[in-house]
Amino acid sequence: MYIPAHFSAGDAEVRALLDGCGAADLVTSTPRGLVATFLPVLYDPDAGEHGALLAHVARNNDQWSAPAQGESLFIVHGPDAYVTPSWYASKAEHGRVVPTWNYLTAHVYGRLVVHDDPAWLESLVRRLTDRHEAGRPAPWSVDDAPPEYIAGQLRAIVGLELVITRVEAKAKLSQNRPAADRDGVAAGSLAEGDPAMAEAVRAAARPDAPER
C-alpha cells in the first residue's frame, strides 16, 4: 500500500481499527489465482506475536481448501467518504481545491491456519455472537437454539485464523489540509450524517494524535 508519511496510521489507530472491525475481505493467492471472501472477523490481540484475525467460512467455499501461497491478507475497512471542495475554507480564499476521498484502512498480512475442529469453531461462534449481541434489549445466545441444530451448523463451516505477521495501515483524514479546511470537512461530514468520519477527522488533527 502506498502510504505517505502524513497519512501513516499510528499504533493506537491500528489497534482501534482492528478491535472495532466487524468484517473484512480475506484475500489469498492460490494455484488458480487470487480468491477473496468478505467475512465476519474477530481480532485476538493475544494470539501469536502480533495477534490474529479469526473467522469462519462456509465449508462449500473452496477458498479454505485451496492452499494459500505465501502470505494471506485481510483488508480491514474503517470509515470512508467523499470530500467536496465546498467544505474547504480555502475554496473561498483562492479556489485552488479539488475533491478527494477520506478513508481509514489496514492491510493485515499473515499465515492462514485452517481449523476444522468443532470445539474451536463453537468457541469462535460464541465469541462473535456475544460481541454483536451485547447491549441488545434481548440478546440472542447460541444456547437459545437446539444443540443438535447448532452442531449441524458447525459442521457446515470451517474456521480460519490469520496469524498476523505485519500490518500496513493508512489514515487519509485531511491531515494535509489547513486547520480551517479540516474543521470544514468534520462539520460537513457531520451535517451529512457521518459522525464516524467527522470524529476520525477531528481525532487525526488533534495535537495528541499519533505522529505522522
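In the predicted model, Val-158 touches Ala-55, His-56, Val-57, Arg-59, Trp-64, Val-114, His-115, Asp-116 and Leu-121, when residues up to four places away in sequence are not counted. Val-158 is placed in strand β6. With a relative accessible area of 0%, Val-158 is buried, because burial requires a value under 20%. Val-114, one of the residues touched by Val-158, lies 44 residues away along the chain, and the C-alpha atoms of the two are separated by 7.2 Å.

Leu-121 also belongs to this neighbourhood, being among the residues that Val-158 touches. Its place is in helix α3, which covers residues 118-133. Leu-121 is buried, its relative accessible area being 1%. Beyond four places in sequence, the contacts of Leu-121 are with His-56, His-115, Leu-154, Ile-157, Val-158 and Gly-159. Leu-121 and Gly-159 stand 38 residues apart in sequence, while their C-alpha atoms are 5.9 Å apart in space.

His-115 is found in strand β5, residues 100-115. A relative accessible area of 16% places His-115 among the buried residues, since the limit for burial is under 20%. The side chain of His-115 is joined to that of Glu-161 by a polar contact of 2.7 Å. Apart from neighbours within four places in sequence, His-115 is in contact with Trp-120, Leu-121, Val-158, Gly-159 and Glu-161.

A second histidine, His-56, is located in strand β3, which comprises residues 52-58. Outside the four places to either side in sequence, His-56 contacts Leu-39, Pro-40, Leu-121, Leu-124, Val-125, Leu-128, Ile-157, Val-158, Gly-159 and Leu-160. Ile-157 is 101 residues from His-56 along the chain, yet the separation of their C-alpha atoms is 6.3 Å.

The nonpolar interior was examined next. The largest nonpolar core contains 37 residues, of which Leu-39, Leu-53, Phe-74, Val-76, Val-108 and Leu-173 touch the most other members. Strand β6, residues 157-172, contributes the most to this core, with 6 residues. Another core, of 14 residues, lies apart from the largest one, and its members include Ala-47, Leu-124, Val-125 and Ile-157. Three of these names recur in the surroundings of His-56, which is in contact with Leu-124, Val-125 and Ile-157. Phe-74, in turn, is in contact with Ala-24, Asp-25, Leu-26, Leu-39, Val-41, Leu-53, Ala-55, Ala-106, His-107, Val-108 and Leu-162, leaving aside its neighbours within four places in sequence.

At the level of the whole chain, the secondary structure consists of 6 helices and 6 strands. Their order along the sequence follows the pattern α-β-β-β-β-α-β-α-α-β-α-α. The C-alpha trace spans about 65 × 45 × 30 Å along its principal axes. The chain has 212 residues, and 44% of them count as buried. Of the contacts between residues at least 6 apart in sequence, 74% join residues at least 24 apart. The accessible surface amounts to about 11200 Å², with 54% of this area belonging to carbon and sulfur atoms. The chain carries 19 positive and 28 negative charges, and the mean positions of the two sets are 6 Å apart.

Definitions and conventions. Residues numbered from 1 in each chain as written. Predicted model: local features only at pLDDT ≥ 70, side-chain atom pairs only at ≥ 80, totals over all residues. Heavy atoms only, no water. Core = buried A, V, L, I, M, F, W, Y, C linked by side-chain atoms within 4.5 Å. Buried < 20%, exposed > 50% of the residue type's maximum accessible area, 1.4 Å probe, protein only. Helix = DSSP H or I, 4+ residues; strand = E, 2+ residues; numbered from the N terminus. Contact = heavy atoms within 4.5 Å. Areas by Shrake-Rupley, 256 points an atom, 1.4 Å probe, with all protein chains shown as cover. Lys, Arg positive; Asp, Glu negative; His and termini not counted. Charge placed at Lys NZ, Arg CZ, Asp CG, Glu CD. Polar contact = N/O pair within 3.5 Å; in protein donor to acceptor, adjacent residues only side chain to side chain.
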